[in-house]
Amino acid sequence: MSVSASETTSAYFGIGRRKTSVAKVILVPGTGSMVVNQKPGELYMQCNSQYINTSKNPLITLGLENMYDIYVNTHGGGLKGQVDAIKLGVARALCYISSENRTSLKGEGYLTRDYRSKERKKYGLKKARKASQFSKR
């Protein structure tokens, strides 16, 4: 019988991405605290309750918000993109805990990667699609 590394350490890992943000999430059994880039989660998310709830939504859906501590290392993008990346990372980490979690999280849409990102600028144009006005004469 083989034992995986996540079962021996009881820490669960998940990566979330959104736009240019990347969040590496580690779930550890604990009291429900959140640490983002070595800062308390409330301080990092500027005490915005919407951002805090969004990042913990997968745990709240399963009723596990006070059973796991969340440790996050995130970079890139803005705060909103990082929050959405954390949400995806937490949901992916919860899937490693139990396969029953996957069905309820998938139904809520927490495991769907939002692939929308900024389109690159093309040469000859001012922005990705904005061009100078066309003149017939």
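Biologist: How many salt bridges does the count come to?

Modeller: The model is a predicted one. A pair qualifies when a side-chain nitrogen of Lys or Arg lies within 4 Å of a carboxyl oxygen of Asp or Glu. By this rule the count of salt bridges comes to 6.

Biologist: Which residue forms a salt bridge with aspartate 84 at 3.8 Å between the closest N and O atoms?

Modeller: Aspartate 84 belongs to helix α4. Leaving out residues up to four places away in sequence, Asp84 touches Thr54 as well as Arg18. The salt bridge with its closest N and O atoms 3.8 Å apart is the one to arginine 18.

Biologist: How many residues apart in sequence are the parts that this pair ties together?

Modeller: Aspartate 84 is placed in helix α4 and arginine 18 in strand β1, so the salt bridge ties together separate parts of the chain. Their separation in sequence is 66 residues.

Biologist: Is arginine 18 buried or exposed?

Modeller: The cut-off for a buried residue is a relative accessible area under 20%. Aspartate 84, at 16%, counts as buried. Arginine 18 has 10% relative accessibility, and therefore it also counts as buried.

Biologist: Which aspartate in the segment after α5 is linked with arginine 18?

Modeller: Arginine 18 takes part in a salt bridge with an N to O distance of 3.3 Å. The pair links distant parts of the chain, strand β1 and the segment after α5 (99-108), 96 residues apart. The partner is partly exposed, with a relative accessible area of 24%. This residue is aspartate 114.

Biologist: Which residues are joined into one network by salt bridges that share partners?

Modeller: Lysine 80 and aspartate 84 meet through their side chains in a salt bridge of 4.0 Å, N to O. Both lie in helix α4, 4 residues apart, about one turn of the helix. Lysine 80 is partly exposed, at 42% relative accessible area. Through shared partners, salt bridges join into one network Arg18, Lys80, Asp84, Asp114 and Arg116.

Biologist: Which residues touch the most other members of the largest nonpolar core?

Modeller: In soluble globular proteins, nonpolar side chains tend to be buried together. The largest nonpolar core here holds 26 residues. The members that touch the most others are Met45 and Ile70.

Biologist: Which element supplies the largest share of this core?

Modeller: At least two core residues come from each of β2 (21-29), β3 (34-36), α3 (49-62), β5 (68-75) and α4 (79-97). The largest share amounts to 8 residues, and the element that supplies it is α4.

Biologist: With which residues is methionine 45 in contact, leaving aside its neighbours within four places in sequence?

Modeller: Met45 is one of the two residues that touch the most other members of the largest nonpolar core. With neighbours within four places in sequence set aside, its contacts are Met34, Val36, Tyr51, Ile52, Ser55, Leu79, Val83 and Ile86.

Biologist: Which residues form a nonpolar patch on the surface?

Modeller: Phenylalanine 13 is found in strand β1 (residues 12-18). With a relative accessible area of 41%, Phe13 is partly exposed. The patch has about 260 Å² of accessible area together, and its residues are Phe13, Ile26 and Tyr71.

Biologist: How far apart in space are threonine 31 and methionine 67, C-alpha to C-alpha?

Modeller: Threonine 31 is located in the loop between β2 and β3, and Thr31 is exposed, at 62% relative accessible area. Leaving aside neighbours within four places in sequence, Thr31 is in contact with Asn66 and Asp69. Thr31 and Met67 are 36 residues apart in sequence, while their C-alpha distance is 5.4 Å.

Biologist: In what order do the elements of the protein run from the N terminus on?

Modeller: The protein contains 5 helices and 5 strands. From the N terminus on, their order is α-β-β-β-β-α-α-β-α-α.

Biologist: What radius of gyration does the protein have?

Modeller: The C-alpha trace spans about 75 × 35 × 25 Å along its principal axes. Of the 137 residues, 35% count as buried. A compact globule of 137 residues would have a radius of gyration near 14 Å, but for this protein the value is 19 Å.

Definitions and conventions: Residues numbered from 1 in each chain as written. Predicted model: local features only at pLDDT ≥ 70, side-chain atom pairs only at ≥ 80, totals over all residues. Heavy atoms only, no water. Patch = residues over 30% accessible without salt bridge, like charges linked within 9 Å, V, L, I, M, F, W, Y side chains within 5 Å. Areas by Shrake-Rupley, 256 points an atom, 1.4 Å probe, with all protein chains shown as cover. Buried < 20%, exposed > 50% of the residue type's maximum accessible area, 1.4 Å probe, protein only. Core = buried A, V, L, I, M, F, W, Y, C linked by side-chain atoms within 4.5 Å. Contact = heavy atoms within 4.5 Å. Rg over C-alpha atoms; globule rule 2.2 N^0.38 Å.
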